[in-house]
Amino acid sequence: MLIREAGILFHGIPIIFTSYHRASKNNLNLVCSSGLMSGLLSFAECLMEPVEYFESDKYSIVFKKGMIKDLFRDEQEIVAFIVIDKDPRLEKFLKKTILPLLEKLLRKFIIQFNGCNLTKVGQFEPFKTTINKIFGTGTQTLEEKVVSLFI
């Protein structure tokens, strides 16, 4: 499962986001696609119990919700997400690997930014290093993994 993108959404807006392998060559509007992703998640959860992921012909988007306190100490919902290539083994790895990684991402983000002004997204830029550490080699293609063995 190749990781394409990972990040955290706040009210449908990506406050921290890392793209490893673009899913498309087209220049996509990140805010619009994140808003759509958040809207789909909200709509789906109105119809059924919590949604863990969406799947398309090529990609799967996995979600994990969390709560963080903002600058005014109000509880706010944030959503960690990961976009991966579609894989028939998703169900097998979902609870064992993927959701625990998203929980870890949320936990580290909440510890580091609890009580912050969540609308000032520039402060989150250094957190990309944490995202990269959490997802590690899942962000590399097979060729990149082989090359890294020889460096």
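1. A residue is called exposed when its relative accessible area is over 50%, buried when that area is under 20%, and partly exposed in between. Lys 133 has a relative accessibility of 68% and therefore counts as exposed. Lys 133 sits in helix H3, which spans residues 128-135. Between the C-alpha atoms of Lys 133 and Leu 105 the distance is 9.9 Å, with 28 residues separating the two in sequence.

2. The model is a predicted one, and the points below should be read with that in mind. The chain contains four helices and five strands. In sequence order these elements give the pattern β-β-α-β-β-β-α-α-α. The chain has 151 residues, and 40% of them count as buried.

3. On the buried side, Ile 15 belongs to strand E2. Its relative accessibility is 6%, so Ile 15 counts as buried. Ile 15 and Val 121 are 106 residues apart along the chain, yet their C-alpha atoms are separated by 5.3 Å.

4. Two residues that are not glycines deserve a check of the backbone. His 11 has a positive phi of about 55 degrees and is not a glycine. His 11 is located in the loop that runs between strand E1 (3-10) and strand E2 (13-19). The relative accessible area of His 11 is 60%, so this residue is exposed.

5. The second of these residues is Arg 73, with a positive phi of about 65 degrees although it is not a glycine. Arg 73 is in the loop between E4 and E5. With 54% relative accessibility, Arg 73 counts as exposed.

6. The whole structure holds six salt bridges. One of them joins Glu 52 to Lys 95, with 2.7 Å between the closest N and O atoms. This pair links distant parts of the chain, since Glu 52 is in the loop between H1 and E3 and Lys 95 is in helix H2, 43 residues apart. Glu 52 has a relative accessible area of 29% and is therefore partly exposed. For Lys 95 the relative accessible area is 56%, so Lys 95 is exposed.

7. A salt bridge also forms between the side chains of Glu 77 and Lys 65, at 3.6 Å from N to O. Here too distant parts of the chain are linked: Glu 77 is in strand E5 and Lys 65 in strand E4 (residues 59-69), twelve residues apart. Glu 77 counts as partly exposed because its relative accessibility is 37%. Lys 65 is likewise partly exposed, with a relative accessible area of 34%.

8. Arg 89 and Asp 87 form a further salt bridge through their side chains, at 2.8 Å from N to O. Arg 89 is partly exposed, with a relative accessible area of 41%. Asp 87, at 11% relative accessibility, counts as buried.

9. The surface carries a nonpolar patch formed by Phe 43, Leu 47 and Met 48. Together these residues have about 370 Å² of accessible area. Met 48 is in the loop between helix H1 (30-47) and strand E3 (53-55).

10. The second largest pocket encloses about 200 Å³ of space. Ten residues line this pocket, and the closest to its centre are Met 1, Ile 3, Thr 97, Ile 98 and Leu 101. Strand E5 (75-85) and helix H2 (90-113) each contribute at least two residues to the lining. H2 gives the most, with four residues. By residue class, the lining of the second largest pocket has eight nonpolar residues, two polar residues and no charged residues.

Note on methods:
Residues are numbered from 1 along each chain as its sequence is written. This is a predicted model: local features need pLDDT of at least 70, side-chain atom pairs count only at pLDDT 80 or more; totals for chains, interfaces and linings use all residues. Side-chain values use heavy atoms; hydrogens and water are left out. On a 1 Å grid over the protein atoms alone, a cavity is a set of points where a 1.4 Å probe fits but cannot get out, and a pocket is an open set with protein on both sides within 12 Å along at least five of seven lines; lining residues have an atom within 4 Å of a point. Grid points are joined across faces, edges and corners, and a volume is the space filled by probe spheres set on the points. Ala, Val, Leu, Ile, Met, Phe, Trp, Tyr, Cys and Pro count as nonpolar, Asp, Glu, Lys and Arg as charged, and the others, Gly among them, as polar. Patches are made of residues with over 30% relative accessible area and no salt bridge: like charges are joined within 9 Å, nonpolar side chains (Val, Leu, Ile, Met, Phe, Trp, Tyr) within 5 Å. Accessible areas come from the Shrake-Rupley method with a 1.4 Å probe; for residues, only the protein chains shown count as cover. A salt bridge is a side-chain nitrogen of Lys or Arg within 4 Å of a carboxyl oxygen of Asp or Glu. Buried means under 20% relative accessible area, exposed over 50%, partly exposed in between (1.4 Å probe, protein chains only).
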